[in-house]
Amino acid sequence: MTILTVKTTPYNDQKPGTSGLRKRVPVFQQPNYVENFIQSIFDSLEGFSGQILVIGGDGRFYNDVAIQKAIRIAAANGFGKVMVGQGGLLSTPAASNIIRHYKAFGGLVLSASHNPGGPEGDFGIKYNAGNGGPAPEKITDAVFARSTVIDSYKILDTPDIDLHAIGTQQVGDMVVEVIDPVADYAALMRTLFDFDAIKALFASGFRMTFDAMHAITGPYAHTILEDLLGAPKGTVVNGTPSPTFNNGHPDPNLVYCKEMHDLLMTPDGPDFGAASDGDGDRNLIIGKNRFVTPSDSLALLAANAHLAPGYKGGIAGIARSMPTSAAADRVAEKLGVEMHETPTGWKFFGNLLDAGRVTICGEESAGTGSDHVREKDGLWAVLLWLNILAVRQQSVDAIVREHWRSYGRNYYTRHDYEEVDVAIANELVDELRARLPSLPGRIFADDLQIAYADDFTYHDPVDGSTSARQGIRIGFTDGSRIVLRLSGTGTVGATLRVYLERYEAPDGRHDLETQLALEPLIGIAEDLCKIRERTGRTGPSVIT
Ligand code: G16
């Protein structure tokens, strides 16, 4: 087996977005595209010689090809060992756990998350650092800079590695260990949650449905929910990972999980419904007759976390991404713990978690997690909900309503305009940004007055770094907010996200339909941004 140094030419589009490099599969299939990017990652790191690299993906189309390349390049660059999930599979939170548990140098997570897969679908590569979390911007910036000038990569000339047999094998000077993707993750969950209480809940007749969306969480959910916690077989549906997600869209929201949502709204439906996405880091939570928004779920989990053994000592603090509703802020205030508002992207939580300043983090984009790993974690959120339900012996709906009565309700929705012409989207954002200084003081819909209007800049309190232009915030004197930003995970055109939020006090009305409750703000957003007018759309592509 010889190490080859292969000449290459740079691509100019390998800038990592919100969460790694995500592109259509045919883009990754271009000659040397994967090789260039992985070599650029390794060229931007120091001190990994002889160390462990974790590799795993969500099993989507091209996962198997990219993993073989990654292992060969890792071997040629001097890693001592690669740990890879059997069949190349690892959920994103499980990969984070493996990196931390085995003190790896870092890891490559191959996924495009909730984006569709298949030959014409999306693929992605993300580097996670030794803390188990997505690389911070200073690394992703260095990777991009390197990718624009790269002229060669190193690769081991070796046949395909067997990723199906658990155990170790030698690949050049490097060891490859194929591991059970589920075992370590399940063991970690056991340390956090009261499995006996959840078992008793299922034994009492509590019924749940978990939609793995033909994606990575199938094997994890079968093992944990059905085998370890005793949920009846059939609780997990769509539980076999498929390279194309069975031609579905593995995004656990009310559009792609509509069937499950509708089932939960029927009198004979189960008590609890949940789903996770392509790579297992997002979650959807629906109780009987009650959809829980991700922002509310974050607040509820933070307020009730002490009911689970892993958090019984309380939480150090909460962090949420800027567009996420302020529901969690009220919980932090009541608990007397730190609250942080970060830019969109799980990578921004890493420093706060490492410094022990926050325990629970969450985002409006269906992600919640804690300091047990450095990624958001879909099944973790489901298990924490189950633990809370087992202890409180109330329905999801009752728990949510009680929460609103104590803290008030943050009505919240996100309107997405997908595949918008990039030039139009940029122009729209630029023009609005230019008008921001003139907005404070303006009054809309008779009584909604703008209190502030800015483009969010984050100052990381741990390492002092600054991230500017993270989304436009328009705040009103009553606490309502309109936030506008461009997605950093789309792969075609631009996706405009409009986030809308209105607060209703504990003694206010909590039973309004969300879109209706936010109607005045939706109108103001259109007045201010003219999205429909400029894009020619009649409405959002997706409402969550
Ligand atoms: C990623 C990030 C999240 C972010 C989400 C949406 O999630 O990890 O932090 O909230 O994308 O980002 P954007 O609004 O820029 O599209 P995932 O689940 O796609 O890895």
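A crossing of two helices is right-handed if the near helix is turned clockwise from the far one by less than a right angle, and left-handed if the turn is anticlockwise. In this predicted model, that definition applies to the passage of H8 across H13, which is right-handed.

Two packed helices are described by the angle between their axes and the distance between the axes. For H8 and helix H13, the latter spanning residues 378-392, the angle is about 25° and the axes are 11 Å apart. Angles under 35 degrees count as roughly parallel, and H8 is therefore roughly parallel to H13. On the H8 side the contact is formed by Thr-217, Tyr-220, Ala-221, Ile-224 and Leu-225, which meet Leu-379, Leu-383 and Leu-386 of H13. Sorted by class, the residues of this contact comprise seven nonpolar, one polar and no charged.

H8 also packs against another helix, H6. Helix H6 covers residues 183-192 and helix H8 residues 217-228; their axes lie 10 Å apart and make an angle of about 45°. Because of that angle, H6 is oblique to H8. The handedness of the H6 and H8 crossing is right-handed. H6 contributes Tyr-185, Ala-186, Met-189 and Arg-190 to the contact, while H8 contributes Tyr-220, Ile-224 and Leu-228. The contact of H6 with H8 has six nonpolar residues, no polar ones and one charged. Tyr-220 and Ile-224 of H8 thus appear in the contact with H6 and again in the contact with H13.

A further helix pair is formed by H2, residues 33-43, and H5, residues 137-147, whose axes are 8 Å apart at an angle of about 125°. That angle makes H2 oblique to H5. Here too the crossing is right-handed, with H2 passing H5. From H2, the residues Phe-37, Ser-40, Ile-41 and Asp-43 meet Val-143, Arg-146 and Ser-147 of H5. The classes in this contact are three nonpolar, two polar and two charged residues.

The remaining topic is the ligand. It is surrounded by 19 residues, of which the closest are Glu-363, Arg-485, Gly-488, Thr-489 and Arg-497. Several polar contacts can be described atom by atom. In the side chain of Arg-485, an N or O atom is 2.6 Å from an oxygen atom of the ligand. Ser-487 likewise uses its side chain, with a polar atom lying 2.6 Å from a ligand oxygen. Gly-488 makes its contact through the backbone, where a polar atom is 2.6 Å from an oxygen atom of the ligand.

Key. Residues are numbered from 1 along each chain as its sequence is written. This is a predicted model: local features need pLDDT of at least 70, side-chain atom pairs count only at pLDDT 80 or more; totals for chains, interfaces and linings use all residues. Side-chain values use heavy atoms; hydrogens and water are left out. Axes are lines fitted to C-alpha atoms, for helices over the stretch in contact, and angles run from 0 to 180 degrees between N-to-C directions. Helices (H or I, at least four residues) and strands (E, at least two) are DSSP runs, numbered from the N terminus. Angles under 35 degrees count as roughly parallel, over 145 as roughly antiparallel, 65 to 115 as roughly perpendicular and the rest as oblique. Contact means heavy atoms within 4.5 Å. Ala, Val, Leu, Ile, Met, Phe, Trp, Tyr, Cys and Pro count as nonpolar, Asp, Glu, Lys and Arg as charged, and the others, Gly among them, as polar. A residue is near a molecule or strand if one of its heavy atoms lies within 4 Å of it. A polar contact is a pair of N or O atoms within 3.5 Å; within protein, one must be able to donate a hydrogen and the other to accept it, and residues adjacent in sequence count only if both atoms are side-chain atoms.
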